[in-house]
Amino acid sequence: MRARHILLVADRTACGEHVRTTIEDRAKEGPCQVTLLVPAARPRRGWTWDEQTARGEARRRMEAARAMLRRSGAAVGTVLGDFNALDAIRDELRRRHYDEIIISTFPARLSRWLKQDLPTRVAAETETPVTHVAATDGVGGSDIMPPARSAAA
């Protein structure tokens, strides 16, 4: 049986329980290779930021999520993407074929990606099935990676 290739797009929700259970469910269906794409989003707080710090924080979230996802039974690779989530997804889809795209977001009332209609926009640009999973309303609970604190904070 050929392993399915799944593109998992997540940032601050990458370590969420909803992500873990979704990937565990896919792994139970058969062999799968998950590529976790974390767009290097700019920090939510503060007026100023620099690319190096933003990429470092995204890399930290990506590594924590990779460790969690490996315990789910799927093979997991990672990609640190563009600052714009849609551009990051486009870049990865040019690089490789995927059987499914899973986009993880905060709940609708908090999600910047849902305000941008990211899942619908991705689905309109590809024939690959797109699945949207959202964190529970327990934002700030253990299902969300907290933002990193800089030494200056």
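Colleague: In this predicted model, what makes Arg94 and Asp91 a salt bridge?

Modeller: Both sit in helix 3, three residues apart, about one turn of the helix. Their side chains meet at 2.5 Å, N to O. The cut-off is 4 Å between a side-chain nitrogen of Lys or Arg and a carboxyl oxygen of Asp or Glu, so Arg94 and Asp91 qualify.

Colleague: Why is Arg94 called exposed, and Asp91 partly exposed?

Modeller: Exposed means over 50% relative accessible area, and Arg94 has 63%. Asp91 has 39%, which lies between the 20% and 50% limits, so "partly exposed" is the label.

Colleague: What about Asp87 and Arg90, how do you know that they are about one helical turn apart?

Modeller: They are three residues apart in helix 3, which means about one helical turn between them. Their side chains meet in a salt bridge too, at 3.0 Å, N to O. Asp87 is partly exposed at 29%, and Arg90 is partly exposed at 29%.

Colleague: Which other salt bridge does Arg90 make, and with what N to O distance?

Modeller: Arg90 also meets Glu125, at 2.6 Å, N to O. This pair links distant parts of the chain, with Arg90 in helix 3 and Glu125 in helix 5, 35 residues apart. Glu125 is partly exposed, at 47% relative accessibility. In total the structure holds 12 salt bridges.

Colleague: How do you know that the buried residues of helix 3 are on the same side?

Modeller: The buried ones are Ala85, Leu86, Ala88, Ile89 and Glu92. They cover an arc of only 160 degrees around the axis, so they end up on the same side of helix 3. Their cover includes strand 1, strand 2, strand 3, strand 4, helix 4 and helix 5.

Colleague: What happens at the start of helix 3?

Modeller: There, a side-chain oxygen of Asn84 comes to within 2.9 Å of the backbone nitrogen of Leu86. The backbone nitrogen of Asn84, in turn, is 2.8 Å from a polar side-chain atom of Asp82. Asp82 belongs to the loop between strand 3 and helix 3.

Colleague: Why is Asp82 called partly exposed?

Modeller: Its relative accessible area is 30%. That falls between 20% and 50%, so Asp82 is neither buried nor exposed. Its contacts, beyond four places in sequence, include Pro39 and Ala40. The C-alpha atoms of Asp82 and Pro39 are 5.3 Å apart, although the two residues are 43 residues apart along the chain.

Colleague: And why is Thr22 called buried?

Modeller: Buried means under 20%, and Thr22 has 9%, so the label fits. Thr22 is part of helix 1. Beyond four places in sequence, Thr22 touches Ile102 and Val133.

Colleague: How many residues are in the largest nonpolar core, and which have the most contacts inside it?

Modeller: It has 22 residues, and the ones with the most contacts inside it are Leu8, Val19, Ile23, Val34, Leu36, Leu69 and Ile102. Helix 2 gives the largest share, five residues. Apart from that core lies another, of 14 residues, among them Leu7 and Ile103.

Colleague: Where does pLDDT stay under 50?

Modeller: Over residues 138-153. Where pLDDT is low, predicted coordinates shouldn't be read in detail. The chain as a whole averages 84, with 84% of the residues scoring at least 70. Among its elements, strand 1 has the highest mean, 97, and helix 2 the lowest, 86.

Note on methods:
Residues are numbered from 1 along each chain as its sequence is written. This is a predicted model: local features need pLDDT of at least 70, side-chain atom pairs count only at pLDDT 80 or more; totals for chains, interfaces and linings use all residues. Side-chain values use heavy atoms; hydrogens and water are left out. Helices (H or I, at least four residues) and strands (E, at least two) are DSSP runs, numbered from the N terminus. Buried means under 20% relative accessible area, exposed over 50%, partly exposed in between (1.4 Å probe, protein chains only). Contact means heavy atoms within 4.5 Å. The arc is that of the directions from the helix axis to the C-beta atoms. A polar contact is a pair of N or O atoms within 3.5 Å; within protein, one must be able to donate a hydrogen and the other to accept it, and residues adjacent in sequence count only if both atoms are side-chain atoms. A nonpolar core is a set of buried Ala, Val, Leu, Ile, Met, Phe, Trp, Tyr and Cys residues joined through side-chain atoms within 4.5 Å. pLDDT is the predictor's confidence in each residue, from 0 to 100.
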